[in-house]
Every structure is written in structure tokens, then in C-alpha cells.
Amino acid sequence: MSFLKTSTSFTRFRISDPVPPSFWPEFVERLRRNAFTDIDELPEERSLGWVAYEDMLDVNFNLNPVEKGQYVAFALRLDTRRVPPAVIKKHLAVALRKEEAMMREMGKKFVSRDRKKELKEQVLLRLRLRFLPIPAIFEVVWNTADSVVYFASTQQKMLDAFEDLFVRSFELHIAPLSPYELALTKVKDPLSLETIEPTQFI
């Protein structure tokens with residue numbers, strides 16, 4: 001998804017906490033402290049972190065400034081490594097067969113439950129290194145004038161992950177901006193919304 005395309009889906013958040021004056025001078029450093037870590041050479045299943053808006057490989061934010069007038073723009077990158085279950089099943093069966101042959105040579109009749117668990121972990125580690133992680137980019141645009149953050153996703157898992165990393169990075173709490181809360185910012189008398197009744201179109 002991209003805010004630069006003709007259409008996109010996004011979720012709006014409002015900053016719940018006051019932003020202190022000392023926040024913005026250290027903003028980029030906060031991004032760097034929680035920047036994305038590449039896992040191409042590591043057996044990790046996933047990696048999540050901030051990258052530049054224009055370049056998902058820029059984790060230092062030196063070539064792509066985040067300031068865009070009254071906005072700051074950056075992105076959340078999520079790399080996920082998926083090993084197909086059928087592949088895991090096959091390689092685990094091969095590993096168990098070899099282990100059982102070794103057990104028979106040692107005069108033992110079966111492989112213990114703990115050893116089977118250990119074999120599965122070893123198989124998963126080997127396979128993860130053979131499958132490249134799949135990257136996904138979710139753009140973030142923060143209007144510093146009205147404390148509204150636009151996040152280019154509507155998936156609940158991504159919203160939860162974004163909110164968690166946002167709070168951890170900036171020490172500011174955010175909450176989804178519902179249509180009702182948005183309406184409250186547009187009317188002079190908030191109580192007038194209490195008298196509105198939904199319209200039935202069918």
C-alpha cells in the first residue's frame with residue numbers, strides 16, 4: 001500500500017499524550033534506535049522496524065529526510081520468513097528416520113519426546129536459512145500540526161504491531177481515530193452529536 005498511489009487503505013490514529021518540546025530534536029534518533037534489522041543471514045522468522053519512506057533499505061535516515069513540511073514520513077518494514085508445512089514435515093521425517101537408525105545401532109528402541117522436539121528445532125533452523133524472508137512495507141505519515149498519524153494498513157495484526165512499536169519508540173500513546181471522534185473535532189457543540197440518529201437506507 002502507498003499514499004502516493006491513486007487509492008489506498010489506511011487507519012488514522014490520534015496522539016493521546018502531549019508531545020514535549022524536546023521530542024522533535026531527537027525524533028530521528030528514536031527511529032534509528034528502533035530501525036529494521038535485516039534477517040537474510042539469520043534464522044529468525046520475522047523482523048520489524050522503521051525504515052525511510054522512500055527507501056526500505058535506508059535504516060539510518062541520512063539520505064531520505066523524514067521532515068515534509070508539517071508532516072514527518074517514514075515506514076514500517078516487516079520481513080517474514082515462511083517455510084511451507086509440507087517441507088517441514090518431509091525434512092522432519094528424514095531426520096527422525098536417521099535418528100531411529102542410530103538408536104537401533106545403540107541398542108535403543110525409540111526416540112525420546114525431548115529428542116524429537118530437539119530434532120524439530122534443528123530442522124526448522126536449517127530450513128529457515130534456506131528460505132529468504134518476504135518484505136512488506138507499511139507507510140506512516142504523521143501530521144504534526146493536528147497530532148494525527150496515518151498508517152497504510154487496516155489489518156488488525158499490523159495495527160497492533162504498529163501501535164506497540166510506536167509506543168516503544170516514541171513513548172507516546174496513540175488510539176484509532178473513529179468517525180465519531182473525528183466528528184467531535186468538526187462541531188462546535190459536541191453534545192449536538194448525541195441527538196443524531198442513524199438513517200436506514202433499506
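**Reading helices, strands and cores in a predicted model**

Guide: Let us start with helix α2 (residues 85–105), which has 21 residues and reaches 30 Å from its first C-alpha to its last, close to the 30 Å expected at 1.5 Å a residue. Please keep in mind throughout that this is a predicted model.

Visitor: Which residues of α2 are buried?

Guide: The general idea is that an α-helix has 3.6 residues a turn, so residues three or four places apart point the same way. In this structure the buried residues of α2 are Ile88, Leu92, Ala95, Leu96, Glu99 and Met103. They cover an arc of only 105 degrees around the axis, which puts them on the same side of α2.

Visitor: Which exposed residues does the face of α2 turned away from its buried side carry, and what covers the buried residues?

Guide: The face turned away from the buried side carries the exposed residues Ala86, Lys90, Arg97, Lys98, Arg104 and Glu105, whereas the cover over the buried residues of α2 includes α3 (113–128). Just after α2, Gly107 takes a positive phi of about 85 degrees.

Visitor: How should I read strand β2: how many of its residues are buried, and in which sense does β2 pair with β4?

Guide: Strand β2 (residues 46–52) is mostly covered, with five of its seven residues buried. Its pairing with strand β4 (residues 71–80) is antiparallel and runs over seven bridges, and within this part of the structure Leu48 of β2 stands opposite Leu78 in β4.

Visitor: Where is Met56 found, and which residues does Met56 touch?

Guide: Met56 is found in the loop between β2 and β3 (67–68), and at 33% relative accessibility Met56 counts as partly exposed. If residues up to four places away in sequence are not counted, Met56 touches Val51, Arg77, Pro135 and Ile137. A separation in sequence can also be set beside one in space: Met56 and Ala136 are 80 residues apart in sequence and 9.3 Å apart in space, C-alpha to C-alpha.

Visitor: How many residues does the largest nonpolar core have, and which elements supply it?

Guide: In soluble globular proteins, nonpolar side chains tend to be buried together. Here the largest nonpolar core has 27 residues, and those with the most contacts inside it are Trp50, Phe74, Trp142, Phe162 and Phe170. At least two residues of this core come from each of β1, α1, β2, β4, β5 (134–143), β6 (148–151) and α4, and α4 gives the most, with six residues. Apart from this core lies another, of nine residues, among them Ala95, Leu96, Leu119 and Val123.

Visitor: How many aromatic pairs does a search of the whole structure find, and how do I tell a stacked pair from an edge-to-face one?

Guide: The search finds 22 aromatic pairs. The angle between the ring planes decides the class: under 30 degrees counts as stacked and over 60 as edge-to-face. The rings of Phe23 and Phe170 have their centres 6.0 Å apart and their planes at 75 degrees, so this pair is edge-to-face. Phe23 lies in the loop between β1 (11–15) and α1 (27–33) and Phe170 in helix α4 (residues 156–170), so that the pair links distant parts of the chain, 147 residues apart. Both Phe23 and Phe170 are buried. For Phe27 and Phe170 the ring centres are 5.2 Å apart and the planes are at 20 degrees, so that pair is stacked. Phe27 in helix α1 and Phe170 in helix α4 are 143 residues apart, and both are buried.

Visitor: Which residues do ring pairs link into a cluster?

Guide: The cluster includes Phe13, Phe23, Trp24, Phe27, Trp50 and Phe74, together with Phe138, Trp142, Phe151, Phe162, Phe166 and Phe170.

Key. Residues are numbered from 1 along each chain as its sequence is written. This is a predicted model: local features need pLDDT of at least 70, side-chain atom pairs count only at pLDDT 80 or more; totals for chains, interfaces and linings use all residues. Side-chain values use heavy atoms; hydrogens and water are left out. Rings of Phe, Tyr and Trp (its six-membered ring) pair if their centres lie within 6.5 Å; planes under 30 degrees apart count as stacked, over 60 as edge-to-face and the rest as tilted. Helices (H or I, at least four residues) and strands (E, at least two) are DSSP runs, numbered from the N terminus. Buried means under 20% relative accessible area, exposed over 50%, partly exposed in between (1.4 Å probe, protein chains only). The expected span of a helix is 1.5 Å times one less than its number of residues. The arc is that of the directions from the helix axis to the C-beta atoms. Contact means heavy atoms within 4.5 Å. Two strands pair if DSSP finds at least two bridges between them. A nonpolar core is a set of buried Ala, Val, Leu, Ile, Met, Phe, Trp, Tyr and Cys residues joined through side-chain atoms within 4.5 Å.
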